[in-house]
Amino acid sequence: MSPPNLFFSDWSERDNQKGTPVVVKMENQNYSLVEIDGPQVAVTVKSMEKGQKGKNAKQFTWVLLLRAHRAVGCVAWLASGFWGMLGAIKKRVAHSKACDESEKPGKRSLLYKFIKAFLALSLIFLALEMFAHWKGWQLQRPELLLPENMAHFHLPETEEIKGWLEKAYIFWLSFRVDYVAYPIQLLSNFCIILFLIQSIDRIVLCLGCFWIKVRNIKPRIKENVKGSGGDLESPGSVSDHPMVLVQIPMCNEREVYEQSISTVCQLDWPKDRLLIQVLDDSDDEIIQNLIKAEVTKHKEKGVNIIYRHRLVRTGYKAGNLNSAMACEYVKDYEFVAIFDADFQPNPDFLKQTIPHFKDDPEVALVQARWVFVNKEENLLTRLQNINLCFHFEVEQQVNGVFLNFFGFNGTAGVWRIKALEDSGGWLERTTVEDMDIAVRAHLQGWKFIYLDDVRALCELPESFETYKKQQHRWHSGPMQLFRVCLPAIVQSKISIWKKANLVLLFFLLRKLVLPFYSFTLFCVILPLTMFIPEAELPTWVICYVPVTMSILNILPSPKSFPFVIPYLLFENTMSVTKFNAMVSGLFQLGSSYEWVVTKKAGRSSSEPDLLSIGDHPKAGLSRRVSDGGLLDLGNKWKEQPELTRRVSDGGFLDLDKLKEEKAKASKKKKGNKIYKKELALALLLLTAAVRSLLSAQGIHFYFLLFQGITFLVVGLDLIGEQVS
């Protein structure tokens with residue numbers, strides 16, 4: 001498949017092209033002969049009868065008119081779409097400028113400067129190549145570093161050169177062949193090798209998941225263990241329930257604090273053996289008072305719940321959890337469950353997770369799966385759902401079954417407090433405190449269990465700005481952790497193959513290599529090969545392997561299969577953010593220590609969400625229900641009384657102030673932003689797509705075109721939540 005040729009110089013050659021004539025006899029009585037002459041099609045119509053010449057001419061005219069009508073309609077559709085896109089770009093640029101007037105201009109990153117310089121050079125080279133093509137300098141591309149092919153590479157002699165521009169062009173051709181093409185080809189081959197290694201790792205994970213499904217392998221609770229599902233349900237067995245501490249860390253969570261506290265207070269566990277800590281790090285006094293009032297209301301209902309607020313907010317979430325674990329009463333508890341502010345666990349969450357600790361005293365963590373209430377909110381949430389479904393169902397499950405180790409997800413998990421203390425507790429040295437404690441516990445010999453059939457509802461970021469900040473933290477933190485824990489890994493007493501898994505697979509391949517080759521291969525080398533055609537990327541690297549890997553990623557969420565191509569393009573677009581975060585974390589740059597609380601929309605779980613979880617074939621609900629049990633479960637959630645705030649004398653005043661602040665914030669709400677790195681890369685890739693037309697590289701042209709459009713859409717913030 002080749003892209004359309006836009007250059008008129010080739011049209012003059014059509015008359016000289018000849019091919020083998022093909023004669024096709026047609027059964028239609030109006031036509032007797034069709035002659036096709038090579039690439040140029042000549043249709044000769046001979047009438048069977050002289051009286052039908054006028055009829056045939058009229059039919060031929062109608063065919064031409066029909067084709068012309070289709071062509072005009074296609075052009076009109078393309079023109080209207082292009083005009084609409086220009087209008088959207090104009091509005092977005094104008095609105096973004098208005099939103100950025102009050103903001104201080106930040107420092108430009110080195111990556112952005114590199115992209116701008118690359119873009120400027122590509123525009124210069126594109127202009128030079130187009131001018132050379134227009135002048136008729138038909139120079140064939142030689143194979144890289146093969147002297148026998150240099151005979152076909154014609155450089156004009158001195159007397160043929162008629163100006164400084166020709167001299168510059170000839171110098172550039174010689175320079176790129178001698179000095180530029182070979183290093184780029186080496187870098188390209190290196191990235192292809194990394195790409196193939198990472199693809200093999202992905203295939204092995206998928207095969208492991210397939211084996212788990214076929215063999216029905218999953219953690220099971222022994223029937224003879226005290227505290228298993230039956231014992232926990234039986235009356236009079238309260239003593240078999242261990243002491244459980246539940247922590248809800250939050251910071252300025254005005255949208256979700258109420259539903260989070262309310263849901264956790266409905267956990268099915270003996271009240272005298274459960275303590276809920278609301279760990280509030282909010283710096284807004286109004287939100288603090290509202291959360292206090294919510295805690296007070298549930299405490300008056302008999303729930304064992306307390307409110308904690310730190311005067312000095314250091315260490316972010318790790319500091320908050322560490323401060324709560326330092327309380328004197330924590331020593332009376334055996335396990336601690338952690339839920340972020342937007343998580344809504346099922347009432348039987350503890351009964352599904354705690355019994356797994358009884359089977360094996362070496363188990364430190366039981367991690368549940370996340371389920372998203374807003375996965376179909378917009379295109380951004382759909383694409384996030386694909387990634388996270390693969391992460392939980394494939395990566396976490398395979399590592400949990402075969403290695404007894406995976407990265408703690410920071411929430412919807414239960415820890416053995418003894419394991420936390422043995423591993424050194426929560427540390428504030430990185431922005432991924434969850435991964436930090438998991439690695440240190442693994443080095444101490446503790447085991448992890450992942451339960452794919454125990455699920456907790458939560459939210460996905462709905463705006464690209466929020467998602468981008470989240471991904472920056474998730475990809476810079478692991479590199480920070482790798483720097484500080486590498487000596488501990490080397491000196492630990494775990495087996496060599498576990499050390500190799502930690503260093504080579506867990507950190508290097510999945511945290512460092514993946515963002516490196518994604519950005520370098522598809523955003524740097526690919527456009528470079530358009531301007532340096534002596535170095536090239538094979539078609540299977542551009543098309544076949546990435547599409548295959550995207551299909552594997554989408555298997556755990558089969559309903560998202562129509563989004564396989566947008567997913568592939570969007571993942572390449574996000575490689576810029578992930579690469580920037582990886583480099584900042586690896587070299588301890590300032591942005592790597594940035595912690596921004598993920599913005600929540602406050603979407604609560606609907607009845608269909610609850611019923612779908614209850615009706616899941618692997619849900620394993622300990623509650624034995626009758627034929628109408630699911631309906632009873634839904635009614636139980638429906639019948640929960642609305643939580644009315646019973647606050648102090650100033651409580652209603654705080655609520656009024658909060659409403660006033662929301663009204664003011666809605667007026668001053670920032671609109672969608674423009675992301676300059678993504679826009680610069682969009683222009684770069686589209687420039688490279690235009691250059692690929694000169695080389696007639698079909699699949700490269702279409703890939704660069706659609707990838708450039710994707711960067712443009714993301715750069716204009718048109719993919720997520722739209723703020724009017």
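In what order do the eight strands of the open sheet run, and is their pairing mixed? In this predicted model, the order across the open sheet is 6-5-4-7-10-9-11-8, and the pairing of the eight strands is mixed. The edges of the sheet are formed by strand 6 (305-309) and strand 8 (344-345), each of which pairs on one side only. Strands of a sheet pair through backbone hydrogen bonds, either parallel or antiparallel.

At the edge formed by strand 6, strand 5 (residues 274-280) and strand 6 are paired in the parallel sense over five bridges, and Val278 stands opposite Tyr307 of strand 6. Helix 6 (residues 285-300) packs on the sheet and touches strand 4 (244-250), strand 5 and strand 6, with a direction that makes about 160° with that of strand 6.

Strand 9 (residues 363-372) is mostly covered, with 10 of its 10 residues buried. Strand 9 pairs with strand 11 in the parallel sense over nine bridges, whereas three bridges join strand 9 to strand 10 in an antiparallel arrangement. Within these pairings, Leu365 has Phe448 of strand 11 as its bridge partner, and Val366 has Val414 of strand 10 as its bridge partner.

Helix 12 (residues 433-443) is largely enclosed by the rest of the structure, because 11 of its 11 residues are buried. The buried residues of helix 12 include the charged-group positions Glu433, Asp434, Asp436 and Arg440, as well as Met435, Ile437, Val439 and Leu443. The cover over these buried residues includes two strands of the sheet, strand 10 (413-416) and strand 11 (447-458), together with helix 7 (316-325), helix 11 (417-422), helix 13 (464-491) and helix 14 (496-531). Helix 12 is followed by Gly445, which has a positive phi near 95°.

Aromatic contacts were examined next. A search of the whole structure finds 26 aromatic pairs. In one of them, the ring centres of Phe195 and Tyr517 lie 5.1 Å apart with the planes at 35°, so the pair is tilted. Because Phe195 lies in helix 3 (residues 164-215) and Tyr517 in helix 14, the pair ties together parts that are 322 residues apart in sequence, and both Phe195 and Tyr517 are buried. Trp415 and Phe448 form an edge-to-face pair, 5.9 Å from centre to centre and with 75° between the planes. Since Trp415 belongs to strand 10 and Phe448 to strand 11, this pair ties together parts 33 residues apart in sequence; Trp415 and Phe448 are likewise buried. Ring pairs also link Trp415 and Phe448 into a cluster whose members include Phe343, Trp370, Tyr450, Phe482, Phe506 and Phe507. At Phe506, the charged end of Lys511 sits over the ring, 5.3 Å from its centre.

The unreviewed UniProt entry lists residues 68-89, 110-134, 186-212, 502-531 and 699-719 under "transmembrane region". In the model, residues 110-134 are 100% helix and 0% strand, and the end C-alpha atoms of the span lie 36 Å apart. Residues 186-212 are also 100% helix and 0% strand, with 39 Å between the end C-alpha atoms. Lys135 is placed in helix 2 (residues 110-135) and, at 43% relative accessibility, counts as partly exposed. Lys135 and Glu166 are 31 residues apart in sequence, and their C-alpha atoms are 10.0 Å apart in space.

Two asparagines in loops were also considered for their backbone angles. Most residues other than glycine have a negative phi, and most peptide bonds are trans. Asn216, however, has a positive phi of about 55° although it is not a glycine, and Asn216 is placed in the loop between helix 3 and helix 4 (229-233). With a relative accessibility of 44%, Asn216 counts as partly exposed. Asn252 has a positive phi near 55° and is found in the loop between strand 4 and helix 5 (257-264). Asn252 is partly exposed as well, with a relative accessible area of 27%.

Note on methods
Residues numbered from 1 in each chain as written. Predicted model: local features only at pLDDT ≥ 70, side-chain atom pairs only at ≥ 80, totals over all residues. Heavy atoms only, no water. UniProt positions renumbered as here; feature names shortened; annotations may be inferred. Helix = DSSP H or I, 4+ residues; strand = E, 2+ residues; numbered from the N terminus. Buried < 20%, exposed > 50% of the residue type's maximum accessible area, 1.4 Å probe, protein only. Contact = heavy atoms within 4.5 Å. Phe/Tyr/Trp six-rings, centres within 6.5 Å; stacked < 30°, edge-to-face > 60°. Lys NZ or Arg CZ within 6 Å of the ring centre and 35° of its normal. Pairing = 2+ DSSP bridges. Axes fitted to C-alpha atoms, helices over the stretch in contact; angles between N-to-C directions.
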